[in-house]
Each structure stands twice: as structure tokens, then as C-alpha cells.
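Please open the structure in your viewer and keep the selection tool at hand. The tour proceeds stop by stop, each with a selection to make and a description of what is found there.

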Amino acid sequence: MRRYGILALAAVFFLSGCGSRGENVVKSIKIGVTVYDQYDTFITGLMDSFTACAAQKEEETGVAINLEVMDAAGSQSTQNEQVQTLIERGCDIICVNLVDRTEPTTITDMAEKNDTPIIFFNRELVEEDLERWEKLYYVGADAFESGVMEGELAADAFLQSESADKNGDGICQYIVLEGEAGHQDSIVRTEYSINTMMEQGVEAEKLGYAIANWNRAQAQTKTASLYAQFGDEIEMILANNDDMALGAIDALKAAGVSEEDWPVIVGIDGTDVGLEAVQNGEMAGTVYNDKEGQALEMLKLAYALATDSGWEEVDLEDGKYIRLPYSKVTAENAGEFEDIRGESDS
Ligand code: BGC
């Protein structure tokens, strides 16, 4: 019985990524991934793209790419354990979507001890933490850019529509729906969207804000109570992401507010549902957060680290960062972004 056990173990080891690098030719690699919350709409889209990119790379190169994806379900200690498990299961490289971006130390220490490179993604750790070991990387986007673009979209929509300034006082009364407290994108998007909107010539007055943790249902509840408080005074809703913008729309619909009386609503991400809302005019605009690009760059980097080949396809900033640009989306160009999605799905 024990002998069979040992044989089985040897077979598993032989078939797994780490055991198959005969004569310097890599036949298979194993990539571990842990996400902060598998129900996050943006992360789900990013992971779908990542899986599709891995399948395509496998076809191109003939190297088998084994993915093992885990959900930390909002717990940093669960995520730390998952990284340990992924290391023990022989992953060549691990992609980590940190639950708490200020707590990468346990993961970094484990990775260094086992010489397993880590690509952090989407939830950005501070530079000093990324500098702690040479094989730590970050793939994401530039939060400032998304805030600026959202502010520009908001200003254009407010200045171009005669009915946006409902009370005609020449001032834009707005509310903000914020993502998780402490997330780089919440902090920066909130500040830069408002500042930019004002720089673009919109005089603005904040009526209130709510933290809705990127979540549609929470945004609906929070908007319902802000609407109960301010009602028709709200002329603009700046949401840190599309899901929260859509939650605000859910609240307006539930309150029976007719669409011509809705405030101007802008979001960020360009998720499927977000693009649809821009196309049908429910949202004035969104900012495309290039999940397909982020997934592809992360896969290319993971592949290069695991096989030590394909480095010519990897473009690292300061030896550590890959950041994809954002783009503005309005009803005029929303269709183009649906095409990008379609291409990467096929
Ligand atoms: C996205 C959000 C998402 C968050 C998760 C942000 O970049 O815009 O939609 O919930 O990342 O970390």
C-alpha cells in the first residue's frame, strides 16, 4: 500500500510543472492565483481573460499551463494560507490580488524563502513593500489617470446638458460612491475626479458620500438613503466603479424616479453591464479599465518568469511594474470596447 502511495506521489511530481524540465526544455508550468473576492465583477472579468490568455499561450508554445485559482473571500489570513498551499503544490509562480494591500509581508517572506516569484495585481502595495525582494512584481493601472478621465467625462456631461443643473444655480451638487477605504483606486479616483471636474470649469458642491466597497447592492442601499436625504438636489453621482454606479441606478429605479430626472451618473471599469448602461444612456460615461490588457501582460510575465523565455514580450517599468492605460468611454465609442471584449473572448 505504502509503495503505491510513493509511486503515485512520484507520478504526480513528474507530471507537475516543476518536475518536467528535462534537458532545459520546459514542457509544463504551474501558475497559482489567489483573488481577494471571486464575486467582484471586475476581478471575475479579469480572471476570465487570464484563463483565455493562458489557453492561447499554451496553444502557441506547446507548453502546458496549469492554473490553480483560489478565492480568499475577503480574508488576508486565508490568502496567506492559500499562498503557502500553492507553493507546496509546486507552483512556479503565484499571482496575488491582495485582500489587504498593506499586509503583503507574510506572503513576501514565504515566497522569498521558497524562491517563488510573486506578481501582485490590481490591489497595489506601496513601493517599499514591492522593493523588499527582487522577484516581486505589480501589474495594474494608474489610478490617477482613471480619476482624471472620470472628472473630464463628468464635466463634459454636466456642461453639455441643459437639464443637468436641475436647480439652475450654476453649481453642480454631487455625491460620491466610494470603493473600499484604503484601496489605492478609491482614494485617488475620488480626489482626482472631483478636482478635474472643477478644473474643467464646473463649480461643484459635495452633498454627501458613501463607502459602498465596489459593490452594487451596497451602493443601492447607500444611494437610497442619500436620495431620501437630498432627493432632487443631487445633480451628479460620481462612482469609483461601474458596479456602484449601477447600484445607484437600481436605487433611482426602485424609488420610481423617471429617467429624465436622474442625476448625471459616471463610473469606471467598462464592465459588460457598465458598457451596456453607457450605450443605453443610463450612465453618461465610464472609464475603461483594461482587464484584457492586464490579464495578458500578467500572463506574459508569469510565463517568462516560469520558463525563462519570452522576455522580449515583457515590458517592465523600473524592473517591477506593468501599468495599462485607461480610456474614456461614452455612448459614441462604447461599441468599440465591446469589440475588444469579443476579440479576447474568441
Ligand atoms: C476596479 C473595481 C474593483 C477593484 C477590486 C478596481 O480597480 O475598478 O471595480 O472592485 O479594483 O480591487
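A polar contact is a pair of N or O atoms within 3.5 Å. With that cut-off in mind, please note that this is a predicted model, and begin at the ligand.

**First stop: the ligand**

Select the ligand together with Asp40, and a polar side-chain atom of Asp40 appears 2.5 Å from a ligand oxygen atom. Add His183, which has a polar side-chain atom 2.9 Å from an oxygen atom of the ligand. Asn241 also places a polar side-chain atom 2.9 Å from an oxygen atom of the ligand. How much of the ligand's accessible area does the protein cover? Of the 310 Å² that the ligand has on its own, the protein covers 99%.

Now extend the selection to the residues around the ligand: Tyr36, Asp40, Phe42, Asn122, Arg123, His183, Asp185, Arg189, Trp214, Asn241, Asp269 and Asn289.

**Second stop: the six-stranded sheet**

Switch to a cartoon view and find the open sheet of six strands, whose order is 2-1-3-4-5-11 and whose pairing is parallel. At its edges are strand 2 (64–71) and strand 11 (321–324), each of which pairs on one side only. From one strand to the next, the twist averages 20°.

Select strand 5 (residues 136–141) and strand 11, which are paired in the parallel sense over four bridges. Here Ala141 stands opposite Leu324 of strand 11.

Next, show the helices that lie on this sheet. Helix 3 (residues 76–88) lies across strand 1 (28–35), strand 2 and strand 3 (93–96), and runs at about 175° to strand 1. Helix 4 (residues 105–114) lies across strand 3, strand 4 (118–121) and strand 5, at about 155° to strand 4.

**Third stop: a pair of helices**

Select helix 6 (residues 143–160) and helix 7 (residues 184–199), which pack at an angle of about 35° with their axes 7 Å apart. The crossing of helix 6 and helix 7 is right-handed. Among the residues making the contact are Ala143, Gly147, Gly151 and Ala155 of helix 6, and Asp185, Arg189, Tyr192 and Thr196 of helix 7. Two of these names, Asp185 and Arg189, are already familiar from the residues around the ligand.

**Fourth stop: the four-stranded sheet**

Move to the open sheet of four strands, with the order 7-6-8-9 and parallel pairing. Why is one side of strand 7 (204–211) and of strand 9 (264–266) left without a neighbour in the sheet? Both stand at the edges with a single partner strand each, so one side of each remains without a neighbour there. Neighbouring strands of this sheet are turned by 20° against each other on average, direction ignored.

Select strand 6 (residues 172–178) with strand 7: the two run parallel and are joined by seven bridges. The bridge partner of Val176 in strand 7 is Tyr209. Helix 7 packs on this sheet, touching strand 6, strand 7 and strand 8 (236–239), and its direction makes about 160° with that of strand 6.

Finish with helix 9 (residues 242–254), which lies across strand 6, strand 8 and strand 9 and runs at about 150° to strand 9.

Terms used:
Residues numbered from 1 in each chain as written. Predicted model: local features only at pLDDT ≥ 70, side-chain atom pairs only at ≥ 80, totals over all residues. Heavy atoms only, no water. Pairing = 2+ DSSP bridges. Axes fitted to C-alpha atoms, helices over the stretch in contact; angles between N-to-C directions. Contact = heavy atoms within 4.5 Å. Near = heavy atom within 4 Å. Polar contact = N/O pair within 3.5 Å; in protein donor to acceptor, adjacent residues only side chain to side chain. Areas by Shrake-Rupley, 256 points an atom, 1.4 Å probe, with all protein chains shown as cover. Left-handed = near helix turned anticlockwise from the far one by under 90°.
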